[in-house]
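This report describes how two ligands are held by one protein chain. Please look at the sequence and the structure before reading on.

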Amino acid sequence: MIIAIDGPAASGKGTLARRIAAHWALPCLDTGLLYRAVARDVVAASFRPADPWAALAAARGLDLAGLSDPDLRTPAAGDLASIVARIPQVRAALLSYQRNFAAQPGGAVLDGRDIGTVVCPEADVKIYVTASAEVRADRRLRECLARGENVSFEHILADILRRDERDSSRDNAPMRPAHDADLLDTSDLDIEAAFDAAVGLIKRKIGQQGA
Ligand code: CDP
Ligand code: CDP
């Protein structure tokens, strides 16, 4: 069973993906971390994040051990990630890794922007998670404050809107729901309610396939 979870920044897709993966005992991949790590490595090597040659080299040499670095979770790392994510060669270099992950026996859960459209167009279940920009900014702000980062709501909201625009307007694998995705608006749902709604969607999909 392959479950694709896509959606904009801080919509709750990562939390949902991890909960679903634990529930069905599936491996889970946060694909955004790959782009974040590529961007970090490009900048650490003193190249511009938009430099296609440096970004491709970083994508090809990606160190999986470095994906647990907590600095990758910051809004600044997300912003840099969306710059390298526009580079087609970077997307191509990361594609086979993501597809191999999805092809594990028993299946997998992957979350990102283009899982249902490009990485796993044949996924058994596709959920596109949304929430209003204000709700998403509030969620990110709470995370930043919990980490001791000193940022304002307005700054985070602007960051989210800029990233939404960059991710949805790029030519290559733009952020958008697959034509066969179920939409899940979590604006008024806490984590538990979003999980319950997703389990309902998944059971319905699996039931339809078995029928
Ligand atoms: O992966 P994505 O950026 O879409 O979001 P996330 O990291 O899963 O969630 C962002 C933050 O919102 C986390 O701190 C979650 O605990 C929180 N959250 C929430 O408050 N309500 C939800 N329904 C989902 C997530
Ligand atoms: O957690 P959040 O939604 O804020 O970000 P993320 O999922 O870690 O993704 C960071 C950035 O990587 C996104 O803004 C996209 O530009 C890019 N990304 C992508 O292009 N395709 C994916 N499958 C996942 C992330």
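## Residues around ligand 1

Two helices, α1 (13-23) and α7 (133-146), each give at least two residues to the shell around ligand 1. This shell holds 13 residues, and those that come nearest are K13, G14, T15, R140 and E143. By residue class, the shell around ligand 1 divides into four nonpolar, four polar and five charged residues. The model discussed here is predicted.

## Polar contacts and burial of ligand 1

Which parts of S11 and G12 face oxygen atoms of ligand 1? In S11, a polar backbone atom lies 3.1 Å from an oxygen atom of ligand 1. In G12, a polar backbone atom is likewise found 3.0 Å from an oxygen atom of the ligand. R139 contributes through its side chain: one of its polar atoms is 3.5 Å from a nitrogen atom of ligand 1. On its own, ligand 1 exposes 540 Å², of which the protein buries 78%. Ligand 1 sits in the largest pocket.

## Residues around ligand 2

Ligand 2 also sits in the largest pocket. Three helices give two or more residues each to the shell around ligand 2, namely α2 (32-44), α4 (75-84) and α8 (153-169). Which of these helices supplies the largest share of the shell? That helix is α2, with three residues.

In total, 18 residues surround ligand 2, and the closest are K13, R36, R140, R163 and D167. K13 and R140 are thus named in this group, and both are also listed among the nearest residues of ligand 1. The shell around ligand 2 consists of five nonpolar, four polar and nine charged residues.

## Polar contacts and burial of ligand 2

Three side chains place an N or O atom at a short listed distance from ligand 2. For R36, such an atom is 2.6 Å from an oxygen atom of the ligand. For D114, the partner is a nitrogen atom of ligand 2, at 2.8 Å. For R170, the partner is again an oxygen atom, and the distance is 2.9 Å. Taken by itself, ligand 2 has 530 Å² of accessible area, and the protein covers 96% of it.

## Confidence in the model

How confident is the prediction, in terms of the average pLDDT of the protein chain? The average is 95, and 99% of the residues score at least 70. For the model as a whole, the scores are ipTM 0.98 and pTM 0.96. As a general caution, predicted coordinates should not be read in detail where pLDDT is low.

Terms used:
Residues are numbered from 1 along each chain as its sequence is written. Chains are lettered from A and ligands numbered from 1 in the order in which they are written. This is a predicted model: local features need pLDDT of at least 70, side-chain atom pairs count only at pLDDT 80 or more; totals for chains, interfaces and linings use all residues. Side-chain values use heavy atoms; hydrogens and water are left out. pLDDT is the predictor's confidence in each residue, from 0 to 100. A residue is near a molecule or strand if one of its heavy atoms lies within 4 Å of it. A polar contact is a pair of N or O atoms within 3.5 Å; within protein, one must be able to donate a hydrogen and the other to accept it, and residues adjacent in sequence count only if both atoms are side-chain atoms. Accessible areas come from the Shrake-Rupley method with a 1.4 Å probe; for residues, only the protein chains shown count as cover. On a 1 Å grid over the protein atoms alone, a cavity is a set of points where a 1.4 Å probe fits but cannot get out, and a pocket is an open set with protein on both sides within 12 Å along at least five of seven lines; lining residues have an atom within 4 Å of a point. A molecule sits in a cavity or pocket if more than half of its atoms lie within 2 Å of its grid points. Helices (H or I, at least four residues) and strands (E, at least two) are DSSP runs, numbered from the N terminus. Ala, Val, Leu, Ile, Met, Phe, Trp, Tyr, Cys and Pro count as nonpolar, Asp, Glu, Lys and Arg as charged, and the others, Gly among them, as polar.
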